[in-house]
Amino acid sequence: MTKVLVVDDSNSIRDMVSFTLKSAGYETVEAKDGQDGLNKAKGTAIDLVISDVNMPIMDGITLCQELRKLPCFKFTPILMLTTESSGDMKMRGKAAGATGWLVKPFNPEKLLATIKRVVR
Amino acid sequence: MSVDLSQFIPSFLEESFEGLELMESSLLDLEQGDDETINSIFRAAHSIKGGAGTFGFNNVTEFTHLVETLLDEMRDGRRNIKQDDIELLLDSVDCMRLLIESIRDETECDTSKIFETSVLLEKTLATDGIKVSDPLTINDSEIVESKTDDLSTWQIKFIPEHHLVQTGNDPLLLFNALADLGEVTLVACAKELPALNDIDAEEIYLTWNLTLESSASEDDIKEVFEWVEDECELIITKEDIISSDLPSLEISSPVLSTETPSFEEPDVILPAPTNEKPVETSTTNSDKPSSKAKNDLGSIRVGVDKVDSLINLVGELVITQSMLSELGNDFDLSKVERLNSGLEQLLQNTKELQESVMRIRMLPISFAFNRFPRLVHDLSKKTGKEVELILKGEQTELDKTVMEQIGDPLVHLVRNAVDHGIESAEIRLANGKPQKGTIMLNAYHQGGSIVIEIKDDGGGIDREAVFNKALEKGIVDENTVLTDAQTFDLLFEPGFSTAKEVSDISGRGVGMDVVKKNIQSLGGRIQVESERGKGSTFRVNLPLTLAILDGQLVQVGTETYIIPLITIVESLQPQKELINRVSGDMVLYRLREDNVPVIPVYQLFNIPCEFENIENSLLVVVEADGQKVGLMVDDLLAQQQVVIKSLNDNYQQVEGVSGATILGDGSVAMILDVPGIISMALAQAQLNQKNRSTFQPKITQSISEGVSS
Amino acid sequence: MDIQMLAEEVPVEGEYSLEGIDFITSGEQYLTFLLAEEQYAVDILCVEEIRSWENPTRIPNSPQYIKGVINMRGIIVPIVDLRMKFNIGEAVYCETTVVIVLTVETEEKTRTIGFVVDAVSDVLNVETNEIKPAPVFGGCVPQNYLDGLVNVGENVVTILNVKALQVVEKHQVS
């Protein structure tokens, strides 16, 4: 089963993303900040990472950079959850190695349709 | 498939309130250069905005966007942190709170303040020339299926750069997603594929030509490839020919032939992936999700430890029950001993279980104290006085209901303290006091109650002014003699206010009597201590648990009373030698080193009593507020647990009585309020003393006259 | 209707049920009772229960006419002796002494209070236009307690204002 790591400091956003994914048959692992996300990523085989950008302790961009340093995460799709779709955001994301972005506010159907670009 | 997220609204609302509290307390503490704090404030606003957007709470999203933009500039260093901006942000937090409350309560909210504040926010943002972008156009969260009615054929040429997969993207999966828009056939071109030995496994050498039959728009197609647009070449051409297989094949074949690979590897033709048709246009964002908050009777967060303790105790209860049940089978007198110990065990279990359950409703008073830093900050600004707030004992726990109801009275008392208690900076300095006034809120447990003190180091209460005002109102006359405590009690009379002008904060005189009433309706009391020039202390006493009490039944004359066990130090039969009469009719009992005043309850309560002297009575020594007294009773009866019933429901608060209960025989018994009784006795004694002292000169005069004549 | 006979029929023990009384739809219904020889009435919708007199538990330092509180199905109900409160006749406690328990809702509060009376009599049906204003002068009952008078045969029944009865005067201490 496809396993998705959901990283967001907002409990309700995290719950909603996780709920949406689960109802579509994905398995989810949750983390509340970048560091927590990194720890959890090291612990299990992840097929997709969905992470918020603005988080305490370690933000999403840094998490992305750190994940890319891990050999098993070299090609894992990492999507940034962000309210900005500005060019600046895209550049920062890409520079960190992100695969793509998902725009907030969060829309469940759109999320499910969009992640099909990177997972089965 | 439509995902229903409305179940997450309550938790989003709760989270938002917490976020707002965090924003508020952080803003109050914020100083220049404090990166972590400003970031956390930003994140809180950001989260609220994001969540609100998901549920379509557009008014929240729009307003919060302005706040977030300002915070963003501050955290980026593009804007210095100024006090005015902090005030504006504090006001904004209030607005956000109003908006979210109106969502939770499903009511209309007062938009005037919100409108004013957003105008101010926009103005502030504009002063740095930063144009605020429209939050809603940035995120178009609805799936807009630009369904043109006609099916078109699109030719898409996809030429990825070699390192595309290193971004985590996979062309095949992109094609998967593309298939959501319609039927896809594709042909791969392996022209660039190097020799096997030279292939780098982490690179892509293929390119593709896809044919898509769909009513989607070019933008829709581009969107599928949006993440890789910088890492590929994408050529999209539309053919207007509708659903005819042959022509499309003809067009694609020339493309095929020019790209015949040199090493004769067959072209890879992939069948169109079978995917479901894309879902219908999402409407979840346009409907207003129903908030379940209205039917919620309020919830309480309970620590897991409390729940576990409860589970354990119930377990023990079950064991005791089964033990007793077993005893009941073939019971004979030889088992009496075991029965008694079983019942003892049952008593213990029930008691512990009860305490544990009560504790579930207990929350730390910090929930009530939380609003005060902001309140004092605002009041201090408004009055121009410098006031510091100290909070102590925030972890002291009390019943949730009591806490909810004590909030407003406490606010009124704190307002009073700032407004009337603390003097202006000039006066304070002139009196050798520090310029900054201090207000301390302190909460602690004492006996079976919780005490909340509101202490200020202000100017104290003017006894004379209070007395004169009472005189004016006809509550007392010139000859009335009052103790300090009684004078201060006058402050709680309805319509009483000594403020010379009615200040808009608290001088209106409607407050204090309502404060007292509220406190009393919770079974509590309020006392005032004050020293002119030094300050005042308002002490609120509230019962910890509203419902149950361990009591000692006593007989006084014809009446049965209940003394809370927790107040009882000891009960004894007084020895004649240890009884001392002092200054008239005050009786003291020598209890080891203490001289304990004896209170004749029958006298205090005006009960006809047979034995009116202490030698024939029993003494129950009780303690309250650090004071020990001996209550004179006729007899000690049983000790039992009683359910406290308030007299306030149908009657009113009675001095000396904290409530009533129904005994086993169905009759009603009064529960004594020990601190209240002590006050009563004190007041009585002081009054007697004053009356006596005014008497004496007359007596001596007449005696001397009698003698001389 | 012989009031005396009716009074003797009132059961000494237990509660008195109001079921079985035909409620006529027009006008208002009142429960009439006696204070000494005088007839009074209260809106029947406020009558919760009619109880026989039982010794209540004293409330410390309460006015004379507040006899104390009783336990009514778990609720603590104060008992007010109307004969003492209004100074009508003698406050005696015998077999016919009853307590009329009234429950009244105001915007602030709902209160249940029991009133000691000499006897309970009829249920009266009164049309609004039959109620005459109460006399301004004389009488032991203060003006604010009076809603009006109604003539029943040869007798005059004074209708009492239930809300005024429910007002609990503040305890005066020392």
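Two residues are in contact here if their C-beta atoms, placed from the backbone, lie within 7 Å. Keep that in mind for the exercises below, and remember that you're looking at a predicted model.

**Exercise 1: chain B meets chain C**

Task: Work out how many residues the contact takes from chain B and from chain C, and which elements of chain B give two or more residues to it.

Solution: Start with the head count. Chain B puts in 23 residues and chain C puts in 19. Next, look at where the chain B side comes from: strand 22 (657-662), strand 23 (668-672) and helix 20 (674-708) of chain B each give two or more residues. Finally, sort that side of chain B by class, and you get 12 nonpolar, 7 polar and 4 charged residues.

**Exercise 2: chain A meets chain B**

Task: Find which element of chain A gives the most to the side that touches chain B.

Solution: First, the totals: 32 residues of chain A are in contact with 36 residues of chain B. Then list the candidates on chain A that give two or more residues, namely helix 1 (11-23), strand 5 (100-103) and helix 5 (108-115). Helix 1 of chain A comes out on top, with 7 residues. As for the make-up, this side of chain A has 13 nonpolar, 12 polar and 7 charged residues.

**Exercise 3: two helices in chain A**

Task: Decide whether helix 3 and helix 4 of chain A are roughly parallel or roughly antiparallel.

Solution: Two packed helices are described by the angle between their axes and the distance between the axes. Helix 3 (residues 60-69) and helix 4 (residues 87-96) of chain A pack at about 25°, and their axes are 8 Å apart. Angles under 35 degrees count as roughly parallel, so helix 3 of chain A is roughly parallel to helix 4 of chain A. Now zoom in on the residues: Ile61(A), Cys64(A) and Gln65(A) of helix 3 meet Arg92(A), Gly93(A) and Ala96(A) of helix 4. By class, that contact splits into 3 nonpolar, 2 polar and 1 charged.

**Exercise 4: helix 4 of chain B**

Task: Check the span of helix 4 of chain B against its number of residues, then find what covers its buried residues.

Solution: Helix 4 of chain B covers residues 83-104, which is 22 residues. At 1.5 Å a residue they should span 32 Å, and the end C-alpha atoms are 31 Å apart, so the two agree. Which residues are buried? They are Leu89(B), Ser92(B), Val93(B), Cys95(B), Met96(B), Leu99(B), Ile100(B) and Ile103(B). Their cover includes helix 1 (9-29), helix 2 (35-55), helix 3 (58-76) and helix 5 (111-126) of chain B. Just after helix 4 of chain B comes Glu106(B), with a positive phi near 55°.

**Exercise 5: the sheet in chain C**

Task: Describe the fold of chain C and name the edge strands of its 5-stranded open sheet.

Solution: Begin with the whole chain. Chain C has 3 helices and 10 strands, following the pattern α-β-β-β-β-β-α-β-β-β-β-β-α along the sequence. Of its 174 residues, 34% are buried. Now take the open sheet, where 5 strands line up in the order 3-6-7-5-4 with mixed pairing. Its edges are strand 3 (47-52) and strand 4 (66-72) of chain C, each pairing on one side only. From one strand to the next, the twist averages 30°. To finish, follow one edge inward: strand 3 of chain C runs antiparallel to strand 6 (residues 98-105) of chain C, and 5 bridges join them. One pair to look for is Ile50(C) with its bridge partner Ile100(C) in strand 6 of chain C.

Technical notes:
Residues numbered from 1 in each chain as written. Chains lettered and ligands numbered in written order. Predicted model: local features only at pLDDT ≥ 70, side-chain atom pairs only at ≥ 80, totals over all residues. Helix = DSSP H or I, 4+ residues; strand = E, 2+ residues; numbered from the N terminus. Nonpolar A, V, L, I, M, F, W, Y, C, P; charged D, E, K, R; others polar. Buried ≥ 20, exposed ≤ 12 C-beta atoms within 10 Å, placed from the backbone. Expected span 1.5 Å × (residues − 1). Pairing = 2+ DSSP bridges. Axes fitted to C-alpha atoms, helices over the stretch in contact; angles between N-to-C directions. Parallel < 35°, antiparallel > 145°, perpendicular 65-115°, else oblique.
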